[in-house]
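Work through these exercises with the model open beside you. Try each task before you read its solution.

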Amino acid sequence: MTDRPIRHLATVRSFTPRRGRVTLAQRDALDRLWERWGFDVADRRLDLGELFGDDRPVVLEIGFGMGEATAAMAEADPGTNVLAIDVHTPGQGSLLHDAERRGLTNIRVANGDAIELLRDMLPPACLAGIRVFFSDPWPKTRHHKRRLIQPGFAALAASRLAPGGILHCATDWAHYAEWMLEVLSGEPELVNTVDGYAPRPSWRPVTRFEQQGLDKGHEVADLLFRRR
């Protein structure tokens, strides 16, 4: 696949960097493991084989919170490498701590803007999957431009997926689910794996954000689109 031009992406960030309170265990994990398992987003190309030390397929997870679900999925699927990106420092430390505790070697953690990571650091057709679970729905109309799932993002994500790769989104906000379905259905390089929303895959753990939504009576929608 060629690196076809990507439509202009909005410069408005879809996130706010969050430092938060870092526990001693999280700080210890960051201090000891970041140089080996973490990196900051920069304007350079990544060699995923060099990053992970093998040629296993790579899934990019955008926004992992505290990382419990990320670690659980990586442990359940040791044949897949997980590149997880977030801007929440306590969550980065928590995921590194959890990965070490579980003895996982198939997780790497990135700090920064996921769009910049996709655009500047990852080559075309390099990913087996992209996961976007419970990203900020920015429910107010004036903030919709900050939503991660936009036509430009869909095009960029599709270009980084290998043929047959899956873009998997999930949300507990009904209006955002409708927005996602419309945006992803409009990307010509992606095809919905089902008619509408997909059943929740049994392998996807319930995340902390998901449980909070369920506790409020929200319905969760999964969307799985395949790269042509």
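**Exercise 1. Find the sign of phi for Gly103, just after α4.**

Solution. This is a predicted model. Go to the end of helix α4, which covers residues 89-102. Gly103 comes just after this helix. Its phi is about 75 degrees, so the sign is positive.

**Exercise 2. Compare the reach of α4 with the expected span, and decide how enclosed the helix is.**

Solution.
- Step 1. Count the residues: α4 has 14.
- Step 2. Take the distance from the first C-alpha to the last, which is 20 Å.
- Step 3. Compare it with the expected 20 Å at 1.5 Å a residue; the two are close.
- Step 4. Turn to burial, where the cut-off is under 20% relative accessible area. In α4, 10 of the 14 residues are buried, so the helix is largely enclosed by the rest of the structure.
- Step 5. Name some of the buried residues: among them are Thr89, Pro90, Gly91, Leu95, Leu96 and Asp98.
- Step 6. Find their partners. The buried residues of α4 pack against α1 (24-37), α3 (68-76), β3 (81-86) and β4 (107-111).

**Exercise 3. Describe how α3 packs on α4.**

Solution.
- Step 1. Read the geometry: the angle is about 30 degrees, and the axes are 9 Å apart.
- Step 2. Classify the angle. Under 35 degrees counts as roughly parallel, so α3 is roughly parallel to α4.
- Step 3. Give the handedness: the crossing of α3 and α4 is right-handed.
- Step 4. List the contact residues. From α3 come Glu68, Thr70, Ala71, Ala72 and Glu75; from α4 come Leu95, Asp98 and Arg102.
- Step 5. Sort them by class. The contact of α3 with α4 has three nonpolar, one polar and four charged residues.

**Exercise 4. Do the same for α5 and α6.**

Solution.
- Step 1. Locate the helices: α5 spans residues 114-121 and α6 spans residues 151-160.
- Step 2. Read the geometry. The angle is about 45 degrees, with axes 10 Å apart.
- Step 3. Classify it: α5 and α6 are therefore oblique to each other.
- Step 4. Give the handedness, which is left-handed for the crossing of α5 and α6.
- Step 5. Name the residues that meet. Ile115, Leu118 and Arg119 lie in α5, and Phe153, Leu156 and Arg160 lie in α6.
- Step 6. Sort them: four are nonpolar, none is polar and two are charged.

**Exercise 5. Ala125 and Trp138 have a positive phi; is each one buried or partly exposed?**

Solution.
- Step 1. Recall the background: most residues other than glycine have a negative phi.
- Step 2. Take Ala125, in the loop between α5 and β5 (127-133). Its phi is near 55 degrees. Its relative accessible area is 27%, so Ala125 is partly exposed.
- Step 3. Take Trp138, in the loop between β5 and α6. Its phi is about 40 degrees. With a relative accessible area of 15%, Trp138 is buried.

**Exercise 6. Place Ala42 in the model and find what it touches.**

Solution.
- Step 1. Find the loop between β1 (38-40) and α2 (48-52); Ala42 lies there.
- Step 2. Check its exposure: at a relative accessible area of 33%, Ala42 is partly exposed.
- Step 3. Leave out residues up to four places away in sequence. Ala42 then touches Asp120 and Met121.
- Step 4. Look further along the chain. Ala42 and Val206 are 164 residues apart in sequence, and their C-alpha atoms are 32 Å apart in space.

Notes. Residues numbered from 1 in each chain as written. Predicted model: local features only at pLDDT ≥ 70, side-chain atom pairs only at ≥ 80, totals over all residues. Heavy atoms only, no water. Axes fitted to C-alpha atoms, helices over the stretch in contact; angles between N-to-C directions. Helix = DSSP H or I, 4+ residues; strand = E, 2+ residues; numbered from the N terminus. Parallel < 35°, antiparallel > 145°, perpendicular 65-115°, else oblique. Left-handed = near helix turned anticlockwise from the far one by under 90°. Contact = heavy atoms within 4.5 Å. Nonpolar A, V, L, I, M, F, W, Y, C, P; charged D, E, K, R; others polar. Expected span 1.5 Å × (residues − 1). Buried < 20%, exposed > 50% of the residue type's maximum accessible area, 1.4 Å probe, protein only.
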